[in-house]
Structures are given as structure tokens and as C-alpha cells.
Amino acid sequence: TKRADIVAVKGSDVTLIEVKVRIAFNVIGQLLGYQHLYEQQFPTRRIVRLLAIGWSIAQDAAGAIARQHIDVLLFPNVPPS
């Protein structure tokens, strides 16, 4: 099955979250794809945020990710396990 790493729900508002060690271009396709699938399965819920969480981000991908309205949260001081 295809699904986001984390689906956070507050009332009818939903945040789809993908967790990566290194955030790169592939997170765009993943989150947009998950958004599409989630909206088909749960049409009454509203996706309010797409979020990528990671240790680092590929600098050449940062602009493209932001352009797709995907938020990024980095934790560079937490070593990946």
C-alpha cells in the first residue's frame, strides 16, 4: 500500500508527513501522490499541510519543494539512526 509516513488529523484538517534522512526531489512526488490518494479515500477531510521532516535537504531541491507548498522541518543536530 502507498501511504504517508504520518497522517496527523485534527478535526477534519489533515497534515500528511513524509520522513526522510535526506529530503530530495522524490518527496514532491510522494506527498502529492499521497494527497491525491487520501482525498479520493476521505473526500470530507481537508488536507491543510504537506510536510517533509528530515536531517538534511538537497539544496537543489529546496526551491522546487517550496514551490509545491510543501513545508520542510529539519533536525540537523539529531543524527539519523
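**Close-up 1. Asp13 and its salt-bridge partner, Arg46.** Let's start with Asp13, which is partly exposed in this predicted model, its relative accessible area being 25%. That value puts Asp13 in the middle class, because buried means under 20% and exposed means over 50%. Asp13 forms a salt bridge with Arg46, and their closest N and O atoms are 3.0 Å apart. This pair links distant parts of the chain: Asp13 belongs to strand S2 (residues 13-23) and Arg46 to strand S3, with their positions 33 residues apart in the numbering. As you explore the model, keep in mind that it holds 3 salt bridges.

**Close-up 2. Glu18 and Lys20 joined by a salt bridge.** Look next at Glu18, which pairs with Lys20. The closest N and O atoms of this salt bridge are 3.5 Å apart. Is Glu18 buried or exposed? Glu18 counts as buried, because its relative accessibility is 2%, and buried means under 20%.

**Close-up 3. Asp71 and Arg49, a salt bridge between two strands.** Here the side chains of Asp71 and Arg49 meet, with an N to O distance of 2.8 Å. Asp71 lies in strand S4 and Arg49 in strand S3, so this salt bridge ties together parts of the chain that are 22 residues apart in sequence. Asp71 is partly exposed at 35% relative accessibility. Arg49 is also partly exposed, with a relative accessible area of 36%.

**Close-up 4. Gly54 and its contacts.** Now find Gly54 in strand S3, which covers residues 46-57. Gly54 counts as buried, because its relative accessibility is 7%. Which residues are in contact with Gly54, once its neighbours within four places in sequence are left aside? They are Lys20, Val21, Ile23, Leu73, Leu74 and Phe75. You can also locate Val27, which is 27 residues away from Gly54 along the chain. The C-alpha atoms of Gly54 and Val27 are separated by 11 Å.

**Close-up 5. Phe75 in a nonpolar surface patch.** Phe75 is one of the residues in contact with Gly54, and here you can look at Phe75 itself. Where does Phe75 sit along the chain? Phe75 is in the segment after strand S4 (70-74). With a relative accessible area of 40%, Phe75 is partly exposed. Together with Leu73 and Val78, Phe75 makes a nonpolar surface patch of about 260 Å². Leu73, another member of this patch, is likewise listed among the contacts of Gly54.

Note on methods:
Residues are numbered from 1 along each chain as its sequence is written. This is a predicted model: local features need pLDDT of at least 70, side-chain atom pairs count only at pLDDT 80 or more; totals for chains, interfaces and linings use all residues. Side-chain values use heavy atoms; hydrogens and water are left out. Helices (H or I, at least four residues) and strands (E, at least two) are DSSP runs, numbered from the N terminus. Buried means under 20% relative accessible area, exposed over 50%, partly exposed in between (1.4 Å probe, protein chains only). Contact means heavy atoms within 4.5 Å. Patches are made of residues with over 30% relative accessible area and no salt bridge: like charges are joined within 9 Å, nonpolar side chains (Val, Leu, Ile, Met, Phe, Trp, Tyr) within 5 Å. Accessible areas come from the Shrake-Rupley method with a 1.4 Å probe; for residues, only the protein chains shown count as cover. A salt bridge is a side-chain nitrogen of Lys or Arg within 4 Å of a carboxyl oxygen of Asp or Glu.
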